[in-house]
Amino acid sequence: MSTKDNKGLKILMLHGFTQSGPRFHDKTRALEKALIKAFPSSTLHYPTGPLPLRPADVPGFVPTSQENGDEQETDSFAWWRRQSGDSPLYSGMDQGLEKIAKTIRQEGPFDGVIGFSQGGAAAAIVASLLEPGRRQTFQTAYNKDPQKFKYPSSFISDDGEAIQLPVKFAIVYSGFAAPFELYSAFYEPKITTPVLHFLGSLDTLVDETRGRVLIDSCESGSQRVVTHPGGHFLPSQKVWLDAAIGFVKDCVNGAVTKKAIEDEGVEDMDVPF
């Protein structure tokens with residue numbers, strides 16, 4: 001299928017911790033342009049997380065003597081927050097997933113989901129929640145241990161099914177898996193939706209070890225892994241855009257290979273895939 005024959009796609013875009021929908025949109029203009037060029041009439045949808053953050057919540061914030069990090073308002077939001085101390089819980093995850101589900105109901109259904117950092121983790125979670133049988137997996141885990149995270153009711157339609165069919169693809173930039181056993185049903189059994197993972201070799205906020213936990217939680221036959229020589233950001237150079245577009249084309253056309261592509265670098269990458 002040629003590029004000009006490709007139909008437009010509807011893609012859910014999930015921002016990172018301390019960002020917002022509009023700010024993430026600003027940071028993904030090059031990716032948006034490449035997607036619309038490859039798939040004319042495509043639309044990208046940028047919801048904002050429901051949890052507002054204070055300056056003190058933002059990594060690296062150092063208040064001056066006149067500032068109070070707990071009282072100032074920011075244009076920074078999250079899909080959930082890590083509880084303080086050693087608590088094995090994310091605070092507000094139900095709210096974050098409810099906001100995503102509301103977006104799916106009002107603006108979907110979506111062909112794919114793309115996320116960065118915490119939004120990348122959320123993108124993988126969304127892909128998981130929409131897969132056949134996942135709700136039963138959550139129920140089985142909850143029956144064994146009522147402390148486990150329950151399948152979010154916001155993702156259940158009036159007829160008892162998931163609110164939309166599984167997405168065709170997910171792209172995760174600097175993503176990670178929820179690190180606690182309470183959230184294991186997101187990843188066991190492994191996510192089968194085709195996922196493209198981008199890792200930054202110099203990323204110090206979400207290091208490779210955390211990223212590979214999520215990679216290992218996805219079926220190897222339907223995922224691809226690309227490492228770029230940068231830090232904690234969404235790479236926008238042509239080679240990385242081509243990698244993303246090539247992956248989406250393969251997913252939309254049903255041509256995702258059965259062999260995972262691991263650790264591709266710019267020096268040996270042959271794109272599109």
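Q: Two strands pair if DSSP finds at least two bridges between them; in S10, which residue is the bridge partner of Gly200?
A: This is a predicted model in which local features need pLDDT of at least 70 and side-chain atom pairs count only at pLDDT 80 or more, while totals for chains, interfaces and linings use all residues. Residues are numbered from 1 along each chain as its sequence is written, and side-chain values use heavy atoms, leaving out hydrogens and water. Strands S9 and S10 (DSSP runs of E, at least two residues, numbered from the N terminus) pair in the parallel sense over six bridges. Within this pairing, the S10 partner of Gly200 is His228.

Q: Within what arc do the buried residues of H6 fall?
A: Helix H6 (residues 208-215; a DSSP run of H or I, at least four residues) joins S9 and S10 in a right-handed β-α-β unit. Its residues Gly211, Leu214 and Ile215 are buried, that is, under 20% relative accessible area with a 1.4 Å probe and protein chains only. Seen down the helix axis, these buried residues of H6 line one face, because they fall within an arc of 105°.

Q: How far apart are the end C-alpha atoms of H7?
A: Helix H7 covers residues 238-252, and its buried residues, among them Trp240, Leu241 and Phe247, pack against helix H2 (29-38) and strands S8 (169-173), S9 (195-200) and S10 (223-228). Of these neighbours, S10 is largely enclosed by the rest of the structure, because five of its six residues are buried. At 1.5 Å a residue, the 15 residues of H7 should span 21 Å, which agrees with the end C-alpha separation of 21 Å.

Technical notes. Expected span 1.5 Å × (residues − 1). Buried < 20%, exposed > 50% of the residue type's maximum accessible area, 1.4 Å probe, protein only. Contact = heavy atoms within 4.5 Å. Pairing = 2+ DSSP bridges. Right-handed = clockwise from strand over helix to strand, strands pointing away. Arc of directions from axis to C-beta.
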